[in-house]
Amino acid sequence: MAGLLALSRTIDRINEFIGRWVSWLILLAILVSAGNAVIRKVFDISSNAWLELQWYLFGAAFMLAAAYTLKQNDHIRIDIVYGMFSRRVQHWIDLLGHLLFLMPFVVLMVIYFVPYVSLSFHSGEMSTNAGGLIVWPAKAILLVGFFLLALQGVSEIIKKIAIMRGDMDDPTPFISAHEQARLEAEALAEEAKAIAGEVRP
């Protein structure tokens, strides 16, 4: 199990590094969008390439950060049902969900996208829009995103088994939305009291 946990930690570090850095693509996409809007309004010129570049950047941020989001346990789930069960049952739900739903889907996507990207690359596929960009980088981003998600799925399965065996602590203990709201309200109340205490003469 120690070797598998070491593999899991390596995958986690890779996806955390990628996830944190691709967040800058959002800023870059905003700058491209703003620059394109200014040039279009001031100089009355534009290009489909600028529009497609925005799509590429947003798509890259979304796909390449998906694995990091899974690592952080931030994907959407139905807390009202999930929160009714004990933490051990929740671990079983997560494990079976990863094994039966996540992994088959992402592996299928990786298998599907390899020839899809290869064909696009070798044919030099271009956008159908006038002045558009080459297409294969966008398709390659999809492939890389699903590959990273598959790796993170392996890491999450390893961690779930280790937690259930008692080989490691739960890195993401479940807190229901109601409990989270209560904790945030208490933290805000404490902060307000502290500020009031500093202001009081």
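At 9% relative accessibility, K159 counts as buried in this predicted model, since burial is assigned to residues under 20% relative accessible area. The side chain of K159 takes part in a salt bridge with D12, with a separation of 2.9 Å from N to O. This pair brings together distant parts of the chain, as D12 belongs to helix α1 (residues 2–22) and K159 to helix α7 (residues 136–165), with their positions 147 residues apart in the numbering. D12 is likewise buried, its relative accessible area being 11%.

K159 also forms a salt bridge with E156, and here the closest N and O atoms are 2.9 Å apart. In contrast to the link between D12 and K159, which joins α1 to α7, this pair lies within helix α7, where E156 and K159 are 3 residues apart, or about one turn of the helix. E156 is buried, with a relative accessible area of 9%. Through these pairings, D12, E156 and K159 are linked in a network of salt bridges. In general terms, side chains of opposite charge can pair when their charged atoms come close.

A further salt bridge connects the side chains of K71 and E16, at 3.1 Å from N to O. K71 is located in helix α4 (residues 66–71) and E16 in helix α1, so this pair ties together parts that are 55 residues apart in sequence. The two partners fall into separate accessibility classes: K71 has 15% relative accessibility and counts as buried, whereas E16, at 23%, counts as partly exposed. Helix α1 thus contributes E16 to the pair with α4 and D12 to the pair with α7. Over the whole structure, the search identifies 5 salt bridges, among them the pairs D12 and K159, E156 and K159, and K71 and E16.

These pairs are set in a chain that contains 8 helices and 0 strands. Read along the sequence, the order of elements is α-α-α-α-α-α-α-α. The chain has 201 residues, of which 31% count as buried. Its exposed surface amounts to about 12,900 Å², and carbon and sulfur atoms supply 71% of that area. Among contacts between residues at least 6 apart in sequence, 75% join residues at least 24 apart.

Helix α1 also meets helix α2 (residues 24–43), and the axes of these helices come within 4 Å and cross at roughly 20°. Because angles under 35 degrees count as roughly parallel, α1 is described as roughly parallel to α2. The residues involved are R20, W21 and V22 in α1, which meet W24, L25 and I26 in α2. Classified by residue type, the contact of α1 with α2 comprises 5 nonpolar, no polar and 1 charged residues.

Elsewhere in helix α2 lies N36. N36 is buried, with a relative accessible area of 4%. When residues up to four places away in sequence are not counted, N36 touches S46, W50, L51 and Q54.

Two further residues were examined for their spatial relation to distant positions in the sequence. T10 has its place in helix α1, the helix that also holds D12. At 34% relative accessibility, T10 counts as partly exposed. The C-alpha atoms of T10 and S155 are separated by 8.8 Å, although these residues are 145 residues apart along the chain. D94, in turn, is found in helix α6 (residues 87–123). D94 has a relative accessibility of 9% and counts as buried. From D94 to K160 the sequence separation is 66 residues, and the C-alpha to C-alpha distance is 7.7 Å.

Note on methods: Residues are numbered from 1 along each chain as its sequence is written. This is a predicted model: local features need pLDDT of at least 70, side-chain atom pairs count only at pLDDT 80 or more; totals for chains, interfaces and linings use all residues. Side-chain values use heavy atoms; hydrogens and water are left out. A salt bridge is a side-chain nitrogen of Lys or Arg within 4 Å of a carboxyl oxygen of Asp or Glu. Helices (H or I, at least four residues) and strands (E, at least two) are DSSP runs, numbered from the N terminus. Buried means under 20% relative accessible area, exposed over 50%, partly exposed in between (1.4 Å probe, protein chains only). Contact means heavy atoms within 4.5 Å. Accessible areas come from the Shrake-Rupley method with a 1.4 Å probe; for residues, only the protein chains shown count as cover. Axes are lines fitted to C-alpha atoms, for helices over the stretch in contact, and angles run from 0 to 180 degrees between N-to-C directions. Angles under 35 degrees count as roughly parallel, over 145 as roughly antiparallel, 65 to 115 as roughly perpendicular and the rest as oblique. Ala, Val, Leu, Ile, Met, Phe, Trp, Tyr, Cys and Pro count as nonpolar, Asp, Glu, Lys and Arg as charged, and the others, Gly among them, as polar.
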